[in-house]
Each structure stands twice: as C-alpha cells, then as structure tokens.
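These are my notebook entries on one protein chain, written while I went through its model. I begin with strand pairing and go on to cysteines, salt bridges and surface.

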Amino acid sequence: MDSLSVPQSGSPRNKQLEVHSGSTEFEKSTAHSTLALIDDEAQNDDPWNLPELQDTGVPWSALDTKGKVLRVLEAVGKIVLLVAFLYMFICSLDILSSAFQLVGGKAAGDIFQDNAVLANPLAGLVIGVLVTLLVQSSSTSSSIVVSMVSSGLLTVQLAVPIIMGTNIGTSVTNTLVAMTQAGDRSVFRRAFAGATVHDFFNWLSVLVLLPLEVATGYLYEVTKLIITSFNIQSGEAPDLLNVITDPLTDAIIMLDKDVISMIATGDPAARNMSLIKRWCKTFTNTTLTNVTVPGPDNCTSPSFCWTQDNVTTTLKNVSRPVNIEKCTHLFVNINLSDMAAGLILLALSLLVLCTCLILIVKLLNSMLKGQVATVIKKILNTDFPFPFGWVTGYLAILVGAGMTFVVQSSSVFTSAITPLVGIGVISIQRAYPLSLGSNIGTTTTAILAAMASPPDTLENSLQIALVHFLFNISGIILWYPIPFTRIPIRLAKALGNITASYRWFAVVYIVCCFFILPLFVFSLSLAGWKVLVGVGVPLLVLLIIIIVVNVLQKKKPGCLPAPLRTWDFLPLWAHSLEPWDKVVGMCTAKCCCCCKCCQTVEAQPDTDSLGKNRKHSAVYDNHAMSDDDKEMDLNEIKMTHL
C-alpha cells in the first residue's frame, strides 16, 4: 500500500487511498489536517512516560582546556545556586507557617475549645484539616492537640480523628507548589499528579480507617497497648535541619511557643498576649508576698495567716518572670498587631517561595541534560532485577522517611520532589512510595518530640504521636503492597489528565477538597447526627453509584442497561467539562480583553493531545472542499479511530 503513488485527486476514493497510504504527496493535499491528526495520534506515546531531556550543549570531548574549566565552574556555580535556592525555599516554608500562625493561631485555638463538637468524629476530622490549613503546619496543629491532651482538656479518643485531619491538611502545600508549573501542559500534568497522589492516599486512608476507628477503637487500643508494654523514658527531640535554618528564620520572626500552648489550653490570659516573641532571655523571680485568700483554709500555714476586717491574708511564694534581653528579629520593635505582621510575612514568604521554586526548576532543567539526566533517572526509577523488584518501592519508602526525618517536615520534602516529577526526573510510580515514606518520617519526628515531654504528660503525648504513626503504617498496608491496590496512582493520573486539558480545574479541585467539602461536612456536623446522616448518606450512596457505573462503562458495558452505557442522556454540562471550559474562557477573555497576549492566545487553537474536537474543526476550515468531501473526511476520521 505504501508503494502506491496517489495523485492529488479530489475524489473520495482517492482521498481514502491517501489516508491509508501515508504517501508524501498527501502532505500537499486539501485534507492535510486529517493526516496531521492521524500522525499525531499514532506518534503520541503514553503521556506519563518520562521525557528525554536533550543535551543541546557542546560535548565534553569537543571542548578545549579553557572550555572544560569554564564548564566545571559553571556546574559548580549551578550546584551552589541550587543549594542556596533550596535553603531559601525551606526557610520560606518555615516563615509561611509562622505567618499563618500569626494570622489564625488564636482562631485555631478557639476551634479546639468546643468538646461537644469534637465528640463527633467527622467534626474532629474536619477541624484537623481546617486548622492545619489555617496554620500551614501539621506540626503546629499536632502540638496544639498534644497540649490539650496533656492538660486534660481533650481525651486521646477525641484527638484521634483530629490527628487524621492534620495528615490530610498538610498535603495541600505540595499541591499548591504544583500550581506554579501550570505554564507547560505536559509538565503540569505530571507535577499535579505527583502532588495529588499524596492527597488521594490520605483521603482514602481516612475513608477506611476513620469508620474502623469509630467502630472498634483500633488505633487507640493498639497504641495504648504499646505504651503500657514498654517503659519509655523522657528524652530530647533532635534538632537536625533546624540548626541550619533557625539562624535565618529567627532573624526574621520568632513566635512564643508558651503563648501557643496557653491558647490551646484555653487560658484567658492568652487573649491579650502577642504570639510575637519579644524577650529571648528571662528568669523567674520568686518572692514571699502577702496574698489575699478566700478564707483561713486557703492559708499556707496557721502561722502565716491573719484576718482583718473580714479579709484573710497569707504569705505565699509568688513567681514573676523578669525580662533580661530582647530578641533580635525584625519585628521585635515594630508595633504591629499579630494580624498585620502575619499578612506582611505571608505575602513576602509566598513571593520568596514561588521565586525560589521557579528558579530551582529552571536550574534543574539546565543541569539535568544528556548523560546526567540518564544516570539520575536510572538511579531513581530503575527497579531491582527479578525476583527482587518489589524491594525497590520499600527502599523508596525508607528513603522518603529518612529524608523527611532530616528536614523534619513532610511538606518540605514532598514540595521538593514535586518539580522533579514535573520535569520528568522522577516518575509518579516512584514519587508515590517516596510520599508514603515522607508520611512516616514526619511521624517519627513527632514521636521523638513527644519523648521530650515532661514525665507527667509523656504517656498521652506519646500515644497521640503513635496514633499518627500507626495511621500512616495502616494506610501503607492498605494502598501499597499489592499493585492492584495502588489506587491513588490511578486517581492521580486521571486528575492529571483532566487538569492538563482544563488547567482551571486544578483550582476547583483544591478549593473543593480542602475548603468547601470540609466546611460542608463541618456544617452538617454542627446541625447534629440526624441532619448529617439524612444529607450525607444519600450523597454518599449517589457517589458510589456513579463510581460503579463509570467503572462498568469502561470494563463491562454489556452489564448495564442501554441508557446507562454512556452519560449522553444527561445534559452536556452534567457529564463534560467542555461547556464549563467555555464559560471560564469567556470570563478570562473579558478580564484581559485589552491585553494583546490574550488576543494572541484566542487566535491560536489549543493543540493539546486531548482536544481532538478542536483538531477536527480544521477539516471544515478548508473552503475549497465540497460538502461531500467534508462528509467523506469525517467518515475517514471515524474509521481511523476504529
């Protein structure tokens, strides 16, 4: 068939031969757009395959001595810049956490105060999500929970769903980081999927383990057994990466952890206290002072007690803090409210974070080329030879746990690997176990920190930390060992494909999953169990039915009635994002109609691999074609798809 020389005839028969022959003369024919579509689809590999990063530079062997020296100096300079930008990125995340605490720290403490609401496990879960979003740190929200448990304001059973919620809330950071790579469609597909695989793991783990915990108390009972079985003594929490980052972050802002604990325990004195630390060196001065007490029974002893005019006075040791030396951070002498200081830091930290992330991605793109990229990708993505291939994933989990233990933040580690997934250095299959290991690493740090608690609060503090650890271990057992159960990878890829075609959907996902859905569930929880069950159960059943029908439509459509084999019986807006995409496009076009670049984008058709309808329209743009020719080309396209 390829040997045929097909003339440029306008007849349908000749056009059919042209489509299947693949001759070079076809490129000059009137139906050129049809061939482009067919060739694109034939050459379009799996979009999840890692791209080859081409080395466009001069080979090392072709360089003279001066060129080799300059090449080495350039590589060293890039490595130094990469480390510097990574350091600034980690520090900006730390300052971002402090900024959120200044803006919403007291509100977060207020949320934890109502035990009647926390008695509802779903409400506790949602509160954990919202508070972690509010302070942008699972460590801070967990410390608030630990403080409340240690002080007796919250039982361990009520704290378990909140700890689950903090696990979900901390995964939003790397999802937001992925949004900075929305400029390139294929990069954004991989980056957003690599970030949301962490989200899906946390959500699916909660969907299984929260009902199990409510029914059996699994996490509470197992951790209680561990605590009572081992004689664990108090220790000290390690300072690893904090030793490096604290000099810079402490020079910008320092927060008073005592005030945070007072807010968590409901101390009314904390209402008028600032979270900004003013005095870094203090000592406690204890003096014997006359104190008025309600009656003689409250005196320290009969010899130090006297009553005059119905007023009982006694001598007591009163401790008062004495300030010695002020702190040296930027906000120590600035008379700003916590809200104002938090907003300033929030804007600056976001600016530095996004700038560092963009520069890190550009540096990685310039460094990871040719042989370097090949070596790194082989090290990170190659499995052990048979029959030990299964060991690779568990080794990646250990690496993720170790790296997170070093940086002492799962947000930092997962946010750092998200750009690497985007540019194609790490596959999503490898990013998944690294993220699971990151979950374990951050709980290990929490366990060591809990061991630094005083002896009287050590048991409860350590049990909460072990609950967090056991929750993540149980999630890994559910969603990793058997390849079939690695559902988060499939869900993340599906979401990545959607956001690659409709990038605005990424914003919708973040807002719905981390704000609207938690607030909706929390509102139903406040209304009581009857309202929660009456509204939530029908919605949950409807969601399950939709998921089952979707799976059957793809796997076994013959099992479904004819109308349910497709969703075409519904309005287009109810089963397709295309109408919504037009609405978003119209809104954005109106917002920037005066911008010349926006007009250029509107003039050029989108050429993503999933937008086939836009490519089809190119056939009808040729006015030299007759109606019969157009119909024939449409039939050819359908035959090609078949």
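**Entry: strand pairing.** I looked up the bridge partner of N290 and found that in β3 it is L315. I was reading this from a predicted model, and I keep that in mind for every entry below. The pairing of β1 with β3 is antiparallel and runs over 14 bridges. I then turned to β2, residues 305-308, which also pairs with β3 in the antiparallel sense, here over four bridges. Within that second pairing I noted that W306 stands opposite T313, and that T307 has T312 as its bridge partner in β3. The hairpin of β2 and β3 has two residues between the strands, and D309 there takes a positive phi near 55°.

**Entry: the chain as a whole.** Having started from the strands, I checked the overall make-up and counted 26 helices beside three strands in the protein chain. Of its 642 residues, 41% are buried. I also asked how contacts are spread along the sequence: among those with a separation of 6 or more, 73% are between residues 24 or more positions apart. The accessible surface comes to about 34,100 Å², and carbon and sulfur atoms account for 65% of that.

**Entry: cysteines.** How many disulfides does the structure hold? I found one, formed by C280 and C327, with their sulfur atoms 1.9 Å apart. This pair links distant parts of the chain, since C280 is in strand β1 (residues 279-293) while C327 is in the loop between β3 (311-326) and α13 (338-367), 47 residues apart. The torsion about the S-S bond is about 115°, so I recorded the disulfide as right-handed. Is each partner buried or exposed? C280 has a relative accessible area of 35% and is partly exposed, whereas C327, at 6%, is buried.

I then looked at C512, which is in no disulfide, the nearest cysteine sulfur being that of C513, 6.8 Å away. A disulfide requires sulfur atoms within 2.5 Å, so the 6.8 Å separation rules out this pair. C512 is partly exposed, with a relative accessible area of 33%. I also looked up C559, which is exposed at a relative accessible area of 56%.

**Entry: salt bridges.** I found two salt bridges in the structure, and I took them in turn. In one, the side chains of E74 and K78 meet at 3.3 Å, N to O. Both residues lie in helix α3, four residues apart, which is about one turn of the helix. E74 is partly exposed, with a relative accessible area of 43%.

In the other, the side chains of K224 and E459 meet at 2.9 Å, N to O. K224 lies in helix α10 (residues 218-229) and E459 in helix α18 (residues 455-479), so this pair ties together parts that are 235 residues apart in sequence. K224 counts as partly exposed at 26% relative accessibility, and E459 is likewise partly exposed, with a relative accessible area of 38%.

**Entry: helix α15 and the nonpolar patch.** I went on to the surface and noted a nonpolar patch of about 820 Å², made by F384, F388, W390, Y394, L395, L398, V399 and M403. I picked out L395, which is found in helix α15, residues 391-407, and which counts as partly exposed at 39% relative accessibility. For contrast I looked at T392, also placed in helix α15, which at 8% relative accessibility counts as buried. What does T392 touch, leaving aside residues up to four places away in sequence? I listed T382, D383, F384 and R430, and F384 is also a member of the nonpolar patch.

**Entry: a second look at helix α3.** Returning to the helix that holds E74 and K78, I looked up L86, which is found in helix α3, residues 65-111. L86 is partly exposed, with a relative accessible area of 36%. Its C-alpha atom is separated by 9.7 Å from that of V412, although the two residues are 326 residues apart along the chain.

How values were computed
Residues are numbered from 1 along each chain as its sequence is written. This is a predicted model: local features need pLDDT of at least 70, side-chain atom pairs count only at pLDDT 80 or more; totals for chains, interfaces and linings use all residues. Side-chain values use heavy atoms; hydrogens and water are left out. Buried means under 20% relative accessible area, exposed over 50%, partly exposed in between (1.4 Å probe, protein chains only). Contact means heavy atoms within 4.5 Å. Accessible areas come from the Shrake-Rupley method with a 1.4 Å probe; for residues, only the protein chains shown count as cover. Patches are made of residues with over 30% relative accessible area and no salt bridge: like charges are joined within 9 Å, nonpolar side chains (Val, Leu, Ile, Met, Phe, Trp, Tyr) within 5 Å. A salt bridge is a side-chain nitrogen of Lys or Arg within 4 Å of a carboxyl oxygen of Asp or Glu. Two strands pair if DSSP finds at least two bridges between them.
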